[in-house]
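Please look over the structure shown here. The report takes up its aromatic contacts, its surface, one sheet and its backbone geometry.

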Amino acid sequence: MAGFQHIERQLNELKQAGRYRPLTVWEGGSDSWMTLDNGRRVLQMSSNNYLGLTQHPSLKTAAAEAIGTYGVGAGSVRTITGTLDIHDTLERRLAEFKGTEATLVFQSGFTTNQGVLSSILGPDDVVISDELNHASIIDGIRLTKTNKRIYGHKDLDQLEAVLKECGGFRQRLVVTDGVFSMDGDIAPLPQIVELAERYDALVYVDDAHASGVLGKHGKGSTDHFGLHGRVHIQVGTLSKAIGAVGGYVASSQVLKDYLTHTARAFLFSTALPPSVAATCLAAIEVLRNEPELTERLWNNANSFRASLQAAGFDTGGSETPIIPIIVGEPARALDFSRRLLEEGICAQGIVYPTVAMDKGRVRLIITAQHTEEDLAFALGALTKVGKEFGLI
Ligand SMILES: Cc1ncc(COP(=O)(O)O)c(C=O)c1O
């Protein structure tokens, strides 16, 4: 009988290479201190819950009330009976917040990238993509028959050289993460926009890790750099700082109309639960009314990064709350992560193929919820284990 022998073989290879990673099960919800299923409390330094909104009282109330009003599910894809008034309100409010003509909401940031890129790129176009862009961008491009050029990470000379030789295509689309998810560095968006304008290209920025984090009230990297009206397509997530789940594209009404007819991830998958839409609406209000959350996030991140660097850690190119600690070989990076867990710190190990073979790391994500005591505790544990591993 046919079986999964080849799959088991591949799993064994992962185990032998020290890259096998069982899922960790947590008791209770996402918070700054979390309980493992063995009852141990650990400090969470790996979640994307940048502002602690997963536990914000006004978001919880909004979700619960929406369940009372709408029930638990949308009941259909958006194009049949799944566009409820609360989805429409969310899209209008997000457009106001982002300062764009329109937005369209998808079920996740991943499916937003996948849906948008696969819709707008064809064989006559060329997409020009940073080598460290997120997997969902790569997959969205793979679903097309478009022409593809990759430029070195944030390498503007290479980007310009590629733009120069791509004049013959119908459309040139430059795609970049706003904040790079594994390194925590920020795309040089002003220079990218200037180059795109010079060579008649469109600009697409994936702000998954900039949404709620960068710019005034967390409006994203376009706002951070004062580039309103010069970035053609902004993708945001509702899954990270916003505290719920979902993604959206913020752009023109024309693009929204086109995507509602062509984006397969939008057309063929059920709409977000109304309680999620309500949660996201409440989150936008929190971003507007509680700027102290983003302030605390950045104060925490900047001071913790400085402390790590002072202790001698290699934090790569981090300039945001995402702070990698570069360890090296995959197995060593995963061992480092395991030792930190023993010391009460959850710091996710990230290894090849997500990052280069010799750039295995733990990726810390600092949040607004972390207290001074939390960060002092984390620094103590990292210093102790860092010395054991000869990193400092
Ligand atoms: C840069 C980037 N884009 C997109 C996504 C996907 O977002 P979501 O988690 O909402 O699917 C992520 C999340 O991992 C990301 O880091």
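The notes below go through this predicted model feature by feature.

## Aromatic pairs

A search of the whole structure turns up three aromatic pairs. One of them joins Trp33 and Phe377. Their ring centres are 5.6 Å apart and the planes meet at 35 degrees, so the pair is tilted. Tilted is the class for planes that are neither under 30 degrees apart nor over 60. Trp33 belongs to strand E2 (residues 33-36) and Phe377 to helix H15 (residues 372-388), so this contact ties together parts that are 344 residues apart in sequence. Trp33 has 27% relative accessibility and counts as partly exposed. Phe377 is partly exposed too, at 33%.

Phe336 and Phe389 make an edge-to-face pair. Here the centres are 5.2 Å apart, with 75 degrees between the planes. Phe336 sits in helix H14 (residues 330-342), while Phe389 sits in the segment after H15, so the pair ties together parts that are 53 residues apart in sequence. Are these two rings buried or exposed? Both Phe336 and Phe389 are buried.

## Lysines over rings

Two lysines are placed over aromatic faces. Lys15 lies over the face of Tyr20, 4.6 Å from the ring centre. Lys219 lies over the face of Phe97, and there the distance to the ring centre is 5.8 Å. The cut-off for such a contact is 6 Å from the ring centre.

## A nonpolar surface patch

Which residues form a nonpolar patch on the surface? They are Phe4, Ile7, Leu11 and Tyr20. Together they offer about 380 Å² of accessible area. Tyr20 is also the residue whose ring face lies under Lys15.

Leu11 is part of helix H1 (residues 5-16). Its relative accessibility is 36%, and Leu11 therefore counts as partly exposed. That value also passes the patch cut-off of over 30%.

## A four-stranded sheet

Strands of a sheet pair through backbone hydrogen bonds, either parallel or antiparallel. In this model, one open sheet has four strands in the order E1-E2-E3-E12. Its pairing is mixed. Strand E1 (26-27) and strand E12 (345-346) are the edge strands. Each of these two pairs on one side only.

How many bridges join E2 and strand E3 (residues 41-44)? There are three, and the two strands run in the antiparallel sense. Thr35 has Arg41 in E3 as its bridge partner. E2 is also the strand that holds Trp33 of the tilted pair.

## Backbone exceptions

Most residues other than glycine have a negative phi, and most peptide bonds are trans. Some sites in this model depart from that pattern. The peptide bond from Tyr352 to Pro353 is cis, with omega near 10 degrees. Pro353 lies in the loop between strand E13 (348-350) and strand E14 (360-365).

Asp200 has a positive phi, near 55 degrees. Where is Asp200 found? Asp200 is in the loop between helix H8 (189-198) and strand E8 (202-206). With 59% relative accessibility, Asp200 counts as exposed, because the cut-off for exposed is over 50%.

His217 also has a positive phi near 55 degrees. This residue is in the loop between E8 and helix H9 (221-224). Neither Asp200 nor His217 is a glycine.

Technical notes:
Residues are numbered from 1 along each chain as its sequence is written. This is a predicted model: local features need pLDDT of at least 70, side-chain atom pairs count only at pLDDT 80 or more; totals for chains, interfaces and linings use all residues. Side-chain values use heavy atoms; hydrogens and water are left out. Rings of Phe, Tyr and Trp (its six-membered ring) pair if their centres lie within 6.5 Å; planes under 30 degrees apart count as stacked, over 60 as edge-to-face and the rest as tilted. Buried means under 20% relative accessible area, exposed over 50%, partly exposed in between (1.4 Å probe, protein chains only). A charge sits over a ring if NZ of Lys or CZ of Arg is within 6 Å of the ring centre and within 35 degrees of the ring normal. Patches are made of residues with over 30% relative accessible area and no salt bridge: like charges are joined within 9 Å, nonpolar side chains (Val, Leu, Ile, Met, Phe, Trp, Tyr) within 5 Å. Accessible areas come from the Shrake-Rupley method with a 1.4 Å probe; for residues, only the protein chains shown count as cover. A salt bridge is a side-chain nitrogen of Lys or Arg within 4 Å of a carboxyl oxygen of Asp or Glu. Two strands pair if DSSP finds at least two bridges between them.
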